[in-house]
Amino acid sequence: LSQYLANAKFAKEEFQPNLYIFTVISNDFDESWLRYKSAESAHYFDNKENLTRIDFQPSKIGLLLRKSAFFRYLMIDLKIKNQLRVVFSSQTDGASTKKSKTNDVERLRYMNRAGEIFIRELQKIAKDKKVILVFDGDRETIYKGYKERDSYKNFNLAFRHLEEIASTIENFIVVDLQETFSHDWSRYRKKFNYQNDFHWNEYGHRIVAGAIIKAVKKNVR
């Protein structure tokens with residue numbers, strides 16, 4: 001959400017758009033904060049809720065390894081960093097349930113706050129222009145045969161909080177893909193993401209595009 005704000009500011013200054021469209025996915029909430037993510041070349045909220053950009057600073061070792069075809073293969077094709085992260089995270093699964101629940105409560109608080117800042121600042125940017133917020137569906141739950149979002153998942157609670165705020169603003173439109181995905185899944189049983197990657201696949205993008213086009217035709221004159 002923090003990066004979307006930076007993009008919106010740039011778009012307003014350069015293009016003066018009459019319509020803003022954002023697709024919001026599950027990890028957009030907590031990863032808006034520097035405390036949870038700090039990947040280079042992106043914007044985040046710091047502890048004072050200011051939008052902060054983290055610039056890329058290559059290390060000497062990185063500059064050297066960049067010339068290695070084998071290292072590039074490990075990083076780009078095999079995505080070795082992600083695989084190592086999975087291995088090490090599985091080794092720390094023995095943390096206490098009490099601590100996990102405490103962290104979940106705190107994380108949800110930051111997730112909700114990210115949504116509040118996002119809407120507040122987006123209002124300043126968009127003014128009276130239409131804003132369409134497209135919420136990704138809880139696809140894992142849909143594939144299991146449930147139509148409603150799993151209320152035990154933090155990101156679903158954050159989606160609900162964001163919708164409650166956005167629905168009070170006249171020029172903000174929320175498109176929740178939960179119903180769209182659920183209806184399509186019940187008819188065709190075609191997954192919306194890749195087998196080994198939870199990003200939308202071609203079919204998923206087609207469904208999302210259709211929902212956006214429908215919302216634009218209905219709400220934008």
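This briefing describes the overall build, the nonpolar cores, one pocket and several single residues of the protein shown above. The structure is a predicted model, and the mean pLDDT of the protein is 90, with 91% of its residues reaching 70 or more. Over residues 92-100, however, the pLDDT is below 50, and beyond near neighbours in sequence this stretch has 0 contacts in the model. Where pLDDT is low, the predicted coordinates should not be read in detail.

**Overall build**

- The secondary structure of the protein comes to 9 helices and 5 strands, and these elements follow one another along the sequence in the pattern α-β-β-β-α-α-α-α-β-α-α-β-α-α.
- Along its principal axes, the C-alpha trace of the protein spans about 55 × 45 × 40 Å.
- The protein has 221 residues, of which 34% are buried.
- If one takes the contacts between residues at least 6 apart in sequence, 64% of them join residues that are at least 24 apart.

**The nonpolar cores**

- The largest nonpolar core has 29 residues, and those with the most contacts inside it are Phe 22, Phe 118, Leu 122 and Leu 133.
- At least two residues of this core are supplied by each of helix H1 (2-15), strand S1 (19-24), helix H5 (97-126), strand S4 (130-135) and helix H7 (154-166), and the largest share, 9 residues, comes from H5.
- Phe 118 shows how parts of the chain meet: leaving aside its neighbours within four places in sequence, Phe 118 is in contact with Leu 1, Tyr 4, Leu 5, Phe 22, Leu 133 and Leu 162.
- Apart from the largest core lies another core, of 17 residues, among them Ile 142, Val 175, Phe 192 and Ile 212.

**The second largest pocket**

- The second largest pocket has a volume of about 620 Å³, and of the 22 residues that line this pocket, the closest to its centre are Val 175, Asp 176, Glu 179, Thr 180 and Lys 214.
- Strand S5 (172-176), helix H8 (177-188) and helix H9 (202-219) are the elements that give two or more residues to the lining of this pocket, and H8 provides the largest share, with 8 residues.
- Sorted by class, the lining of the second largest pocket has 6 nonpolar, 7 polar and 9 charged residues.
- Val 175 appears in two of these descriptions, as one of the residues closest to the centre of the second largest pocket and as a member of the core of 17 residues.

**Two serines in contrasting surroundings**

- Ser 2 has its place in helix H1, and Ser 2 counts as buried because its relative accessible area is 2%, which is under the 20% cut-off.
- Not counting residues up to four places away in sequence, Ser 2 touches Ser 32, His 43, Tyr 44, Phe 45 and Leu 51.
- Ser 151 is found in the loop between helix H6 (139-143) and H7, and Ser 151 counts as partly exposed because its relative accessibility is 47%, a value between the cut-offs of 20% and 50%.
- Ser 151 and Tyr 4 are 147 residues apart along the chain, and their C-alpha atoms are separated by 25 Å.

**A residue of helix H7**

- Phe 155 lies in helix H7, and, not counting residues up to four places away in sequence, Phe 155 touches Ser 26, Phe 29, Met 111, Asp 138 and Arg 149.
- The C-alpha atoms of Phe 155 and Asn 112 are separated by 9.2 Å, although these two residues are 43 apart along the chain.

**Two residues with a positive phi**

- Most residues other than glycine have a negative phi.
- Lys 127 has a positive phi of about 55° although it is not a glycine, and Lys 127 lies in the loop between H5 and S4.
- Lys 127 counts as exposed because its relative accessible area is 56%, which is over the 50% cut-off.
- Arg 189 is likewise a residue other than glycine with a positive phi, here near 55°, and the place of Arg 189 is in the loop between H8 and H9.
- Arg 189 counts as exposed because its relative accessibility is 53%, which is over the 50% cut-off.

Key: Residues numbered from 1 in each chain as written. Predicted model: local features only at pLDDT ≥ 70, side-chain atom pairs only at ≥ 80, totals over all residues. Heavy atoms only, no water. pLDDT = per-residue confidence, 0-100. Contact = heavy atoms within 4.5 Å. 1 Å grid on protein atoms, 1.4 Å probe; cavity = no way out; pocket = protein on both sides within 12 Å on 5 of 7 lines; lining within 4 Å. Points joined across faces, edges and corners; volume = space filled by probe spheres on them. Helix = DSSP H or I, 4+ residues; strand = E, 2+ residues; numbered from the N terminus. Nonpolar A, V, L, I, M, F, W, Y, C, P; charged D, E, K, R; others polar. Core = buried A, V, L, I, M, F, W, Y, C linked by side-chain atoms within 4.5 Å. Buried < 20%, exposed > 50% of the residue type's maximum accessible area, 1.4 Å probe, protein only.
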